[in-house]
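Got the viewer open? Let's take a walk through this one, stop by stop.

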Amino acid sequence: MTERPVAEMSFREASVELEQIVRSLEGGDLELEQALAQYQRGVELLTALRSRLADAEQQVRVLMDASAEES
């Protein structure tokens, strides 16, 4: 199965996949190569999720500042 590019995934989809990867790695049943590939994908997902959260936080700040200025 080909992995879907993270940029094409919704936040929820990326979160769900990351949770599945964590469970898989915690299970300890993967071969080393599989574990490394899963870990790498997990890092990619985590980085993208953190970036999206930071962007969302910035948008909230902008909206709150604009709302405060209108008051």
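**Stop one: the whole chain**

Start by colouring the charged side chains: the chain carries 7 positive and 15 negative ones, and the centres of the two sets lie 3 Å apart. Keep in mind that you're looking at a predicted model.

Now switch to cartoon. You'll find two helices and zero strands. The chain's radius of gyration is 17 Å, while the globule rule gives 11 Å for 71 residues, so the chain is more spread out than a compact globule. If you draw a box along the principal axes, the C-alpha atoms fill roughly 60 × 20 × 15 Å.

Next, put a surface on. The accessible surface comes to about 5800 Å², and carbon and sulfur atoms account for 54% of that. Of the 71 residues, 18% are buried.

Got a contact map handy? Take the contacts between residues at least 6 apart in sequence: 71% of them join residues at least 24 apart.

**Stop two: helix α2**

Select residues 32-70, which make up helix α2. How far does α2 reach from its first C-alpha to its last? The answer is 57 Å over 39 residues, close to the 57 Å expected at 1.5 Å a residue.

Stay on α2 and show A35, R41, G42, L45, A48 and L49 as sticks: these are buried. For a feel of the spacing, remember that an α-helix has 3.6 residues a turn, so residues three or four places apart point the same way. What covers the buried residues of α2? Bring up residues 11-27 and you'll see part of the answer, since the cover includes α1.

**Stop three: S15, on the other helix**

Zoom to S15, which lies in helix α1. Buried or exposed? S15 has a relative accessible area of 18%, and buried means under 20%, so S15 counts as buried.

Now add L49, one of the buried residues of α2. S15 and L49 are 34 residues apart along the chain, and 7.4 Å separates their C-alpha atoms.

**Stop four: E70**

Finish by selecting E70, which is also part of helix α2. Its relative accessibility is 72%, and the cut-off for exposed is over 50%, so E70 counts as exposed.

For a last distance, pick R4 along with E70. The two are 66 residues apart in sequence, and the C-alpha to C-alpha distance is 42 Å. Keep both pairs on screen: S15 with L49 at 7.4 Å, and E70 with R4 at 42 Å.

Terms used:
Residues numbered from 1 in each chain as written. Predicted model: local features only at pLDDT ≥ 70, side-chain atom pairs only at ≥ 80, totals over all residues. Heavy atoms only, no water. Helix = DSSP H or I, 4+ residues; strand = E, 2+ residues; numbered from the N terminus. Rg over C-alpha atoms; globule rule 2.2 N^0.38 Å. Buried < 20%, exposed > 50% of the residue type's maximum accessible area, 1.4 Å probe, protein only. Contact = heavy atoms within 4.5 Å. Areas by Shrake-Rupley, 256 points an atom, 1.4 Å probe, with all protein chains shown as cover. Lys, Arg positive; Asp, Glu negative; His and termini not counted. Charge placed at Lys NZ, Arg CZ, Asp CG, Glu CD. Expected span 1.5 Å × (residues − 1).
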